[in-house]
Amino acid sequence: MSASWGSACRPKEGQSVSGDVFVVAPFGASGLHVAVIDGLGGGSEAARAAEGAATVIRARPDYEPLDLIRQAHTALHNTRGAVIGILTFDLQRRDVTYIGVGNIGAQVYSSQPIKPISKNGILGYRLPQLLKLNYSYNFGDTFVLYSDGISSRFGLDTQFNCDQPPQTLADLILSRYGKMNDDATVVVVRISE
Ligand SMILES: [Mn+2]
């Protein structure tokens, strides 16, 4: 089995630094975390908060995602805070979990009923009671994780061909559905046999 992925991001119009960060972190024999993190506000202070959470994941990718979220919450106490969505795949068992805190979107193209949702909250300020959702998926399924600088209307696009390569999809989603007034990030992952 293998995972292919693509990403696209751009800062808010007029900004040189994006406050969004994404992480793709393999671990163990068949584990993979994919996270999108949006630092509150914009510019370098937002980026610093988002990087703080990304660093926690990169440092210990073998940790449970619930523990990563709790550690990131602690690590962000002296920052502006951030929101996060994290998918954790077991590529061998075709099993994925999702934990979302705050406004990160997840859209999955699968014949399985996979509808990840995030809980309200902000890492560094207010951690909700965490909800870890667990799903089985099929090989070939496409997972899209995006910050709120991407309009969720793309999920309603009936012209949308989700069989294209992940990088093509990421570029397309950003160009069609990216908002100019916020940092925008989209990561597309496909797990193949
Ligand atoms: Mn945002």
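**Two antiparallel sheets and their helices**

Ala25 stands opposite His33 in strand β3. This pair belongs to a predicted model, in which local features need pLDDT of at least 70, side-chain atom pairs count only at pLDDT 80 or more, and totals for chains, interfaces and linings use all residues. Residues are numbered from 1 along each chain as its sequence is written. Helices (H or I, at least four residues) and strands (E, at least two) are DSSP runs, numbered from the N terminus.

The bridge of Ala25 and His33 joins β2 to β3. These two strands pair in the antiparallel sense over 8 bridges; pairing requires at least two DSSP bridges. Val24 faces Val34 of β3 in a further opposed pair. The β2–β3 hairpin has 3 residues between its strands. Within this hairpin, Gly28 adopts a positive phi near 55°.

Strand β3 spans residues 31–39. Of its 9 residues, 8 are buried, a class that takes 20 or more other C-beta atoms within 10 Å of the residue's own, against 12 or fewer for exposed and values in between for partly exposed, with C-beta atoms placed from the backbone. β3 is thus mostly covered. On its other pairing, β3 meets β4 in the antiparallel sense over 9 bridges. His33 stands opposite Thr88 of β4. His33 therefore has one partner in the β2–β3 pairing, Ala25, and another in β4, Thr88.

These strands are part of an open sheet of 5, in the order β2-β3-β4-β5-β7, with antiparallel pairing. The edges are β2 (20–27) and β7 (133–136). Each has a single partner strand, so one side of each is left without a neighbour in the sheet. Neighbouring strands are turned by 15° against each other on average, direction ignored. Angles run from 0 to 180 degrees between N-to-C directions, and axes are lines fitted to C-alpha atoms, for helices over the stretch in contact.

Two helices lie against this sheet. Which strands does α2 (residues 65–75) lie across? They are β3, β4 and β5 (95–101), and α2 runs at about 20° to β5. Contact here requires C-beta atoms, placed from the backbone, to lie within 7 Å. The axes of α1 and α2 come within 9 Å and cross at roughly 140°. The two helices are therefore oblique to each other, the class left over when angles under 35 degrees count as roughly parallel, over 145 as roughly antiparallel and 65 to 115 as roughly perpendicular. On the α1 side, the contact is made by Gly52, Ala53, Val56 and Ile57. On the α2 side, Leu68, Gln71, Ala72 and Ala75 take part. By class, this contact has 6 nonpolar, 2 polar and no charged residues. Nonpolar covers Ala, Val, Leu, Ile, Met, Phe, Trp, Tyr, Cys and Pro; charged covers Asp, Glu, Lys and Arg; the others, Gly among them, are polar.

Arg80 lies in the loop between α2 and β4. Is Arg80 buried or exposed? It counts as buried, with 21 C-beta neighbours inside 10 Å. Leaving aside neighbours within four places in sequence, Arg80 is in contact with Gly39, Leu40, Gly41, Glu45, Ala46 and Ala49. Its C-alpha atom is separated by 9.0 Å from that of Leu123, 43 residues apart along the chain.

A further open sheet has 4 strands in the order β1-β9-β8-β6, with antiparallel pairing. Here β1 (2–10) and β6 stand at the edges. Each has a single partner strand, so one side of each lacks a neighbour in the sheet. Neighbouring strands are turned by 15° against each other on average, direction ignored. β1 and β9 pair in the antiparallel sense over 9 bridges. Trp5 has Val189 of β9 as its bridge partner. Helix α3 packs on this sheet, touching β1, β8 and β9, and its direction makes about 25° with that of β1.

At the other edge, β6 (residues 104–109) pairs with β8 (residues 142–147) in the antiparallel sense over 6 bridges. Val108 stands opposite Phe143 of β8. In β6, 5 of the 6 residues are buried, so this strand is largely enclosed by the rest of the structure.

Lys179 lies in the loop between α3 (166–177) and β9 (184–192). It is partly exposed, with 14 other C-beta atoms within 10 Å. Beyond neighbours within four places in sequence, Lys179 is in contact with Gly149, Ser151 and Ala184. The C-alpha atoms of Lys179 and Asp148 are separated by 8.5 Å, at 31 residues apart along the chain.
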